[in-house]
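Got the model open in your viewer? Let's walk through it one selection at a time.

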Amino acid sequence: MKQGRIVLNQQARRVTALADGKLLLDNGNPLADSPQWLAPASGTVYGVALNHRSLLEQLEAEFQQPPYQKAPATPVLFIKPRNTHAGHGSVIALPTQAGKVFAGGALGVVLGKVANKVAVEQALAVVAGYTVVNEISLEETSFYRPAVKAKCRDGFCPMGPWQVDAAAIDPLNVEIRSYLNGELAETHHSRDWLRSVPQLIAALSQFMTLQPGDVIIPATPLRQLEIRPGDTVAVEIDGIGRLENRLIAEESAQ
Amino acid sequence: MKHARIRLPGEADIHAVLVNDDHSVQLADGRRFAEEAVEWLPPAEGTVFALGLNYADHAAELAFKAPTEPLVFLKSPATLTGHRQVSVRPDNITYMHYECELVVIIGKTAKNVSREQAMDYVAGYSVCNDYAVRDYLENYYRPNLRVKNRDTLTPIGPWWVDRDDVANPASLTLRTWVNGELRQQGNTSDMVFDIPYLIAYLSSFMTLSPGDMIATGTPEGLADVVPGDEVIVEVEGVGRLVNHIVSEAQYADRLLTK
């Protein structure tokens, strides 16, 4: 099943997307118009940095130098706070005076159960479903200090359009395709992740309790897909859907 | 006025309450309960920002130069707890320390706010104890979530006080006591980046919303704490937050009997 959240008459409502593409509201009524989508989940969004081999291999030598001294031993985590959460179709304002901005096509793992010190073998049992995420970021020149200014701008974490049930996806075999203005621009695959989804759920839940509605972004690739005002960016995962957003300049948004 | 969020024993509902001078709480329906009779929750809900190295003396203590731009990191609700709750010291570590901090509670949506206007966006102030487990520090997104976002390691509260009840937030004494002994003392006047600067800085690249909290950093005077310790952090004129350290086994027992 595909389940999403939309805004109707200024209220957040749940919708179900049927196989033929029709949308049903939470009261069973069909939805005629294309809705204003919200992110399908509303909990904390945890991202995992440096989990993609392309990125790690490129930085291997640098990580032996100051300030890092050695390669990371545990998952490198960040938070995408509530001001970054956005839905499919939302228009995202990009700064024009802050350097390059990059798309971050990614999987979103949506939790369905409370997860506290979960074993790797049991980890997938706490997953409710999966969604598509675009983990947008300014260029990252350092992984030493938290990247709040680069990653936590308004609208920099669109998710959706919906989440699909956990059974629909094998998180060890996911291909993520990113499109710029309709053209395929980047493809990456879960086989290039250092840690798998079950390993990440186990690692995160070792020290913090995850809640239903929380989302884990297991990996974003090396930042190569630059996005600019005027572009339309889409991220697609087979079996989940296509998340599309239009980009404008911050100045024109104010 | 002091505002808090509490639960009554055995009930699931969360109540927004006002706190009296004797620290009893007043529910909207008029019922009144003593400080010890309720479960204190974090006093607000929103994005939690925290500041690293925002007191020059503390930066020196950690052998760092004070940063030239605010060193901001985020916390999630997973790590938050309230007044008179417990915090877990992980097994097999060598150093877990408290950090007494003044917390700013945002009261209005803030985007591109100037320093001069910044205080208009403050609802009030609270206190937090931003514990850290130093053994887990790695030099990636430092300080990382494993150090700073562990279950129960960010007590906050007991309440928040209205902005206008604090005459000068840039001149408040912070103090930490461990088992009744004064261990940490500083003053908000020593902040590297003050409250108006932090609000202007954050709102220059992201929107702040009511309920968002900014933990503004801690002065020098850190020390290890162990299971059995009572740790009290206090910000003058704002509040006094009590917390007890437990072991992993003690915490597991508490969860079972809760």
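Start where chain A and chain B meet in this predicted model: select the contact residues and you should pick up 28 from chain A and 24 from chain B. Now keep just the chain B side. Which elements of chain B each supply at least two residues here? Colour β7 (71-75) and α2 (145-148) of chain B, and you have them. Of these, β7(B) deserves a click of its own, since with 4 residues it provides the largest share of the side of chain B that touches chain A. Next, recolour that side of chain B by residue class: 11 residues come up nonpolar, 8 polar and 5 charged.

Time to leave chain B and look inside chain A. Give two colours to its domains, 1-38 for domain 1 and 42-253 for domain 2. If you place a C-alpha centre in each domain of chain A, the distance between the two centres comes to 25 Å.

Then zoom in on where these two domains of chain A touch. Here 9 residues of domain 2 are in contact with 7 residues of domain 1. Stay on the domain 1 side and select β1 (2-8) and β5 (36-38) of chain A, the elements that give two or more residues to it. Which of the elements gives the most to this side of domain 1 of chain A? That is β1(A), with 3 residues.

For a last view, colour the side of domain 1 of chain A that touches domain 2 by class: you'll find 4 nonpolar residues, 2 polar and 1 charged.

Terms used: Residues numbered from 1 in each chain as written. Chains lettered and ligands numbered in written order. Predicted model: local features only at pLDDT ≥ 70, side-chain atom pairs only at ≥ 80, totals over all residues. Domains from an automatic or database assignment. Nonpolar A, V, L, I, M, F, W, Y, C, P; charged D, E, K, R; others polar.
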